[in-house]
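Work through the exercises below with the structure open. Each task is followed by a stepwise solution.

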Amino acid sequence: MAKPNNKTNFFSHINSFFKQKYNQLMTMKRSREALSGLLLVSIAVAFNMFFGYFAALFAVYLSFFKWDYLGPMQFAGLYNYQVLFNDLVRGFNGAPYFLAPFFTGLRNILLYTAIVVPTQTILAMILAAFANQKIKGVQFYKVSYFLPAVTCPVIVSLIFIWLFMKYGFINYIFQFIAPGFAPDWINDKNYLLYAIAIVAIWGTSGHFMVSFLAAMQSIPRDIYEAAMLDGAGSIRRFIYITVPMLKPMIIYVVVMGLIGTLQMFDLAWVMAGPSGGPGGSGYTMALDIYREAFINLRPGVAAAKSMFLFSLIFISTYIFQRKFKVMPR
Amino acid sequence: MRIKFKLSRILWIAFVYLVLSIFALVYLTPFIRSFIASFMTWEQASRFPPEWIPSPFTFENYLKLFRLELFTRWILNSALYAGIIVVGNILFASMAGYAFARLRFPGRDALFSALLALLMIPVFVTIVPNYIIVYRLGLIDNLFGLALLSLVNAASIFLMRQYYLSLPQEVFDAARLDGCGPIKAFFYIALPLGKPAIGAVAVYQFLGAWNAFLGPLVFLRTPENFTLPVGLSFAFQRSMWTEYTPIIAGSLVAAAPTILLFIVLNKYLIRGIVISAGKG
Amino acid sequence: MMAKVVLKNVTKKFGKVVAVNRVSLEVEDGEFFVLLGPSGCGKSTTLRLIAGLEEPDEGEIWIGDRLVNYVDPVKRNVAMVFQSYALYPHMTVYQNIEFPLKMAGAPINERRKRVVEVARFLGIEDLLNRYPKQLSGGQQQRVAVARAIVRSPEVFLLDEPLSNLDAKLRVKMRFELRKLLHDELGITTVYVTHDQVEAMTMADKIAVMNKGRVMQVGRPIDVFERPRNMFVAGFIGVPPMNFMEGTLIAKEDKLFLETGDVKIIVPEKYIDSLKPYVGKDIAMGIRPQDIIIDTRPSHGYYEAIVIGYEPLGLESYIHFSIGGNTDYVAVVKGRLNINLGERIYWAFNKDRVYFFDKKTRQAIA
């Protein structure tokens with residue numbers, strides 16, 4: 001009876017051999033896949049982690065040190081933040097621009113944000129509502145409105161400097177609307193910030209209009225029809241249907257807007273100059289951080305100020321999202 | 001009754017067209033004015049009330065631009081920089097996007113979320129440390145050093161991953177069954193199939209790189225190495241040409257590639273930007 | 001009784017396509033009127049014309065004693081339940097139902113009272129704080145109905161409201177909608193559907209439409225028993241009516257329909273009406289339920305070959321051919337022991353047969 005035994009042994013041996021090989025293959029495949037995956041993402045992850053997270057952490061670290069790029073880094077505790085705080089206090093108590101540049105930058109950028117973000121959002125929404133009517137040739141308007149957004153902000157500022165000159169095109173147009181109103185936008189400290197704000201709104205509202213339009217067009221038509229039959233005229237349909245259903249897009253536009261305006265640099269650099277123009281009226285926080293880092297050569301202070309800016313952006317966008325989500329209707 | 005109905009309708013449509021057209025003018029006029037003025041003398045361009053027909057019609061502004069050796073260098077620098085960024089993004093973002101979408105490896109989802117979160121960090125936080133890093137690497141005032149920062153943009157990775165996720169799983173399964181290892185699958189399958197998304201990444205990154213200002217301003221030091229936007233702003237601030245019209249002409253030259261690209265591709269560009277806004 | 005909704009020669013074109021072609025209808029006050037037809041026949045467009053969501057190119061639309069052609073839908077006092085329900089996704093059920101009252105300017109207390117009343121009426125008062133996306137299809141539909149009846153409109157329009165529900169729910173809702181709208185509220189209702197069972201069970205009157213025209217208007221029983229043309233005859237009834245087409249010939253003093261391989265004798269009572277059609281092509285319509293099948297040859301039965309057999313439980317469908325490419329259906333009770341290709345014998349109920357002019361497709365007798 002040896003033969004049957006041999007046979008069974010033989011088959012079970014083969015069985016376990018194949019099982020083993022299969023498991024090996026599977027784990028080999030899986031680990032091969034894992035290895036390949038890690039390899040493929042390695043460069044992308046490395047670059048981003050290094051120039052992103054590492055740099056950010058370094059910035060936090062740097063904010064606690066005194067340094068001039070050359071010598072050794074000296075631990076300074078909260079010294080840089082003290083500098084920042086003193087600047088704010090001085091400015092708050094009415095010190096002029098050159099004694100409290102950070103405060104000036106902060107004040108200017110807050111005013112600028114308060115003008116630009118609501119205006120560009122509301123303007124974009126209204127224009128999108130108009131474009132959402134059943135009209136032909138919408139693509140032409142979309143292209144025209146979006147064009148400023150694909151152009152370099154610096155280039156746009158250079159062009160607008162010419163348009164904002166005392167005898168430039170903008171004052172020419174104003175003649176028809178408010179005769180006698182023709183300030184020297186670039187050189188007048190009372191108007192420079194508004195000129196920059198106008199350029200910003202001009203540059204980004206078209207982009208947001210296209211975004212709003214797409215969101216509006218995704219609202220099903222029969223919801224509007226139901227509202228019509230429920231007795232809502234076009235304005236009420238806009239208020240009760242369009243705007244609430246646009247909430248996600250509104251949040252996106254405002255958050256993007258806040259992030260962009262609070263750290264605005266390019267426009268101010270060109271239109272006001274690195275030192276912020278007459279009386280520092282075009283000086284921004286971003287300009288101040290740049291100056292701290294590359295003109296005053298105080299990277300530690302610059303890092304501390306960038307932390308402040310980061311917190312400002314984070315808090316404002318967070319508060320907006322919380323408040324807006326809870327809003328009734 | 002019928003007439004009143006039709007009339008109010010027509011009036012409303014006319015009003016809509018009016019408002020939309022006025023704003024189209026608002027957005028287009030600066031470009032139109034600049035284009036016209038670039039062929040004028042500064043004397044004529046600065047007249048008030050503004051004039052619309054260049055007389056004399058002159059190419060002098062453009063000639064002044066190109067007579068300045070630096071200007072041509074700026075264009076080349078911008079082109080080179082944009083080229084590096086586009087190539088880098090296409091290569092590495094497609095690899096990473098494919099891997100994040102289709103391969104399993106430890107830490108995959110955590111890494112991806114981390115990359116995405118990076119987009120939240122404002123540029124001003126990282127610019128100074130990055131400057132220090134690149135300075136230590138001896139790559140300041142060097143286009144390649146500048147390119148290191150944006151070589152693989154997290155947004156490009158996101159785009160590529162979204163695209164690869166939308167492709168049917170079957171194609172990749174078939175490749176696996178045919179004995180294709182994951183890396184081979186990338187080159188033979190994923191890359192060719194990824195052309196639409198790669199095209200989109202190329203266009204967005206080109207636009208971003210060509211129009212970049214803060215990075216080049218911080219990382220490039222000598223005028224010979226400037227990119228076009230930095231160069232033009234430099235020229236303006238140093239009053240390199242006593243008149244303003246060459247600056248206008250220079251601005252148009254700088255804006256021309258992006259404008260042309262946009263007019264040709266506008267349908268896709270707008271759609272793409274809107275879709276990513278939806279996901280945001 | 002004054003008609004509540006009247007359409008006179010209403011036409012609506014979309015570009016070159018005529019969606020609604022000189023349609024005239026009258027809906028009585030309190031009537032449950034159904035527009036029935038295949039997709040693309042213009043029934044939904046007609047409904048939207050009544051609602052004011054489309055403008056007629058020609059004709060008149062009256063609601064009550066008002067000519068409403070140029071009246072904004074906002075002011076027509078017409079309510080509609082859409083196929084997709086069109087609930088406001090960003091509002092709660094309560095706010096959805098409240099909306100028409102809010103637009104009408106009712107004070108908040110009255111609104112609350114009425115909304116709760118209507119919600120209770122439809123059995124959804126527990127859902128008032130939920131959002132539409134949290135509700136099932138049937139619940140969403142009830143909310144849509146609630147929103148529509150909350151302001152007591154003059155006319156109630158429904159656009160295929162049951163097509164998104166599963167079969168069992170559909171049967172239940174058919175009954176409930178009819179009961180609510182017709183029996184309990186007595187509201188003038190215009191209901192659009194492609195499902196003839198819905199039409200037959202719910203309607204006071206049916207208008208059968210095809211390609212933008214009204215093919216016939218009548219009570220369900222009339223439309224079923226006395227179809228005026230081949231379209232209506234073939235559309236109503238499941239399985240559809242069999243049309244045996246051929247030439248009418250006269251032999252001795254009888255008339256025969258020559259069709260397939262068979263000469264069918266025309267029953268006596270129709271001979272007079274059909275006389276003018278001798279030599280012409282006509283179609284004879286017999287409902288599957290009116291065909292009698294036998295497995296053995298009998299006097300007066302015709303021959304046929306079995307080409308299909310569908311046992312459905314209580315009844316079975318027998319597909320048979322009488323030559324050529326013909327394919328007809330007979331319904332028999334229970335099951336039949338036959339095989340494909342076998343010969344069977346059939347006859348028909350002589351009182352329930354229809355004749356149509358093949359060219360004009362109109363009924364002859």
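Two strands count as paired if DSSP finds at least two bridges between them. The model is predicted. It scores ipTM 0.87 and pTM 0.82.

**Exercise 1. Trace the sheet of chain C**

Task: In what order do the six strands of the open sheet in chain C run, and which strands are its edges?

Solution.
- Step 1: Follow the pairing across the sheet. The order is E6-E7-E8-E3-E9-E10 in chain C. The pairing is mixed.
- Step 2: Find the strands that pair on one side only. These are strand E6 (78-81) and strand E10 (213-218) of chain C.
- Step 3: Add the twist. From one strand to the next, it averages 20°.

**Exercise 2. Assign directions and registers**

Task: Which pairs named here are parallel, E7(C) with E8(C), E3(C) with E9(C), and which sense do E9(C) and E10(C) take?

Solution.
- Step 1: Take strand E7 (residues 155-159) and strand E8 (residues 188-193) of chain C. They run parallel and share five bridges. For the register, Phe156(C) has Thr189(C) in E8(C) as its bridge partner.
- Step 2: Move to E3(C) and strand E9 (residues 205-210) of chain C. These also run parallel, joined by four bridges. Here Val34(C) stands opposite Ile206(C) in E9(C).
- Step 3: Finish with E9(C) and E10(C). Their pairing is antiparallel, over five bridges. Met209(C) has Val214(C) in E10(C) as its bridge partner.
- Step 4: Check the connection. E9(C) and E10(C) form a hairpin, with two residues between them. In the turn, Lys211(C) has a positive phi of about 50°.

**Exercise 3. Place a helix and check confidence**

Task: Which strands does helix H5 of chain C lie across, and which elements of chain C have the lowest and highest mean pLDDT?

Solution.
- Step 1: Locate helix H5 (residues 167-184) of chain C. It lies across strand E3 (32-36), E7 and E8 of chain C.
- Step 2: Read the angle. H5 of chain C runs at about 135° to E3(C).
- Step 3: Check the scores. E3(C) has the highest mean pLDDT among the elements of chain C, at 95. Strand E12 (residues 254-259) of chain C has the lowest, at 83.
- Step 4: Set these against the chain. Chain C averages a pLDDT of 89, and 99% of the residues score at least 70.

**Exercise 4. Describe the contact of chains A and B**

Task: How many residues does each chain give to the contact, and which classes make up the side of chain B?

Solution.
- Step 1: Count both sides. Chain B gives 77 residues and chain A gives 72 residues.
- Step 2: Find the main contributor in chain B. Helix H14 (residues 245-279) of chain B supplies the largest share of that side, 13 residues.
- Step 3: Sort the side of chain B by class. It has 62 nonpolar, 12 polar and three charged residues.

**Exercise 5. Classify one residue**

Task: Is Ala96(B) buried or exposed?

Solution.
- Step 1: Place the residue. Ala96(B) lies in helix H4 (residues 69-102) of chain B.
- Step 2: Apply the cut-off. A residue is buried if 20 or more other C-beta atoms lie within 10 Å of its own. Ala96(B) has 29 C-beta neighbours inside 10 Å, so Ala96(B) counts as buried.
- Step 3: List its contacts, leaving aside neighbours within four places in sequence. From chain A come Leu40(A), Val41(A) and Ala44(A). From chain B come Val152(B) and Ile157(B).

Terms used
Residues numbered from 1 in each chain as written. Chains lettered and ligands numbered in written order. Predicted model: local features only at pLDDT ≥ 70, side-chain atom pairs only at ≥ 80, totals over all residues. Axes fitted to C-alpha atoms, helices over the stretch in contact; angles between N-to-C directions. Contact = placed C-beta atoms within 7 Å. Nonpolar A, V, L, I, M, F, W, Y, C, P; charged D, E, K, R; others polar. Buried ≥ 20, exposed ≤ 12 C-beta atoms within 10 Å, placed from the backbone. pLDDT = per-residue confidence, 0-100.
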